[in-house]
Amino acid sequence: MPIKIFETVDSIIARDPAARHRLEVITCYPGLHAIALHRLNHFFWTLGLKWLARFLAHLARFFTGIEIHPGAKIGRRVFIDHGLGVVIGETTEIGDDCTIYQGVTLGGTSLYKGAKRHPTIGSKVVISAGAKVLGGFTVGDGARIGSNAVVLKEVPAGATAVGIPARIIKAELPSIANPSSQAQFSAYGITPEADDPMSLAMKSLIDVTLELEAKVQLLERAQSIKIDANSTDVTATEIEKDIHQLRDWLKN
């Protein structure tokens, strides 16, 4: 466990520009404290000492402001930033190198005991402040969950989910030469040059409207030309009729 803590400290320094040195991270980061205490609580949980694990988890929540059920499975180098108000449910599984911000809930929607009620989070996922991930589905590796999003269904790997309920948005992600580079980490799950599906739908509606307006103008022009041609034909017919009447009058 000490090795996991040490590598978690280094990963926090890599992801948080406010972290100045290891001593500061070890002494002043409640997210690190919560993860370290959870490792111990989870150990007791797997041994069958469930009441002790729950009681120690309750104390850990009191001291850190972060509630992690001792039954949850958490990978390596997971960083809970700020952490206040984070809730992680019993059957939650979190992969390696994930970042979770304050106010996040990884909750369940099922009431059946023993069922997979909570989400499975892949590796290198960023879950931004206030997001709620509810249900026993999977969030794919490298996915990003936007602030205050309410995720109720599976999120594909590498996708970004925003809104209430959450919807998947397309993104133009910059190419990274070195996959282990710090630049790969996206604070608060911010995705550059991302198009929201609602804005894309509005753009499509505007394009269709402009196209329809152009067609209506063409139809109006064609109709006006036809009316002018019909008016000319009517006028010529009346003149010929008048000439015939004049000839008949002169003959008489």
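Colleague: Which side chain does Asp10 meet in a salt bridge?

Modeller: Quick ground rules: this is a predicted model, where local features need pLDDT of at least 70, side-chain atom pairs count only at pLDDT 80 or more, and totals for chains, interfaces and linings use all residues. Residues are numbered from 1 along each chain as its sequence is written, and side-chain values use heavy atoms, with hydrogens and water left out. A salt bridge is a side-chain nitrogen of Lys or Arg within 4 Å of a carboxyl oxygen of Asp or Glu. With N to O at 2.8 Å, the side chain that meets Asp10 is Arg22.

Colleague: Where in the chain do Asp10 and Arg22 lie?

Modeller: Helices (H or I, at least four residues) and strands (E, at least two) are DSSP runs, numbered from the N terminus. The two residues are 12 residues apart and link distant parts of the chain. Asp10 sits in helix α1, and Arg22 in helix α2 (residues 22-28).

Colleague: Is Asp10 buried, partly exposed or exposed?

Modeller: Buried means under 20% relative accessible area, exposed means over 50%, and partly exposed is in between (1.4 Å probe, protein chains only). Asp10 has a relative accessible area of 35%, so the label is partly exposed.

Colleague: Which residue forms a salt bridge with Glu7?

Modeller: The closest N and O atoms are 3.5 Å apart, and the partner of Glu7 is Arg77. That pair links distant parts of the chain, 70 residues apart: Glu7 is in helix α1 (residues 2-15), while Arg77 is in the loop between β2 and β3 (79-80). Glu7 counts as buried because its relative accessibility is 18%. At 23%, the label partly exposed goes to the partner we were after, Arg77.

Colleague: What distance, N to O, is there between the side chains of Asp97 and Arg77?

Modeller: The side chains of Asp97 and Arg77 meet in a salt bridge, with N to O at 2.6 Å. Asp97 lies in the loop between β5 and β6 (99-100) and Arg77 in the loop between β2 and β3, so the pair ties together parts that are 20 residues apart in sequence. Asp97 is partly exposed, at 24% relative accessible area. Back to your distance: 2.6 Å.

Colleague: Which residues are linked in a network of salt bridges?

Modeller: The structure holds seven salt bridges. The network is made of Glu7, Arg76, Arg77 and Asp97.

Colleague: In what order do the four strands of the open sheet run?

Modeller: The chain has five helices and 15 strands. Two strands pair if DSSP finds at least two bridges between them. In the open sheet the pairing is parallel, and the order is β2-β5-β8-β11.

Colleague: Why is one side of β2 and of β11 left without a neighbour in the sheet?

Modeller: In this sheet, β2 (73-74) pairs with β5 (residues 93-94) in the parallel sense over two bridges, and one residue match there is Ile74 with Ile94. β2 and β11 (138-139) stand at the edges, so each has a single partner strand.

Colleague: Which residues touch the most other members of the largest nonpolar core?

Modeller: A nonpolar core is a set of buried Ala, Val, Leu, Ile, Met, Phe, Trp, Tyr and Cys residues joined through side-chain atoms within 4.5 Å. This one has 30 residues, and the best-connected are Ile88 and Ile127.

Colleague: Which residues does His69 touch, leaving out those up to four places away in sequence?

Modeller: His69 is in the loop between β1 (67-68) and β2, and counts as buried because its relative accessibility is 14%. The C-alpha atoms of His69 and Gly89 are separated by 5.5 Å, though the two are 20 residues apart along the chain. With contact meaning heavy atoms within 4.5 Å, the list is His38, Trp45, Arg54, Ile88, Gly89 and Glu90.

Colleague: Which residues make the nonpolar surface patch of about 650 Å²?

Modeller: Patches use residues with over 30% relative accessible area and no salt bridge; like charges are joined within 9 Å, nonpolar side chains (Val, Leu, Ile, Met, Phe, Trp, Tyr) within 5 Å. Areas come from the Shrake-Rupley method with a 1.4 Å probe, and for residues only the protein chains shown count as cover. Phe62, in helix α4 (residues 50-64), counts as exposed because its relative accessibility is 65%. The patch is made by Trp51, Phe55, Leu59, Phe62 and Phe63.
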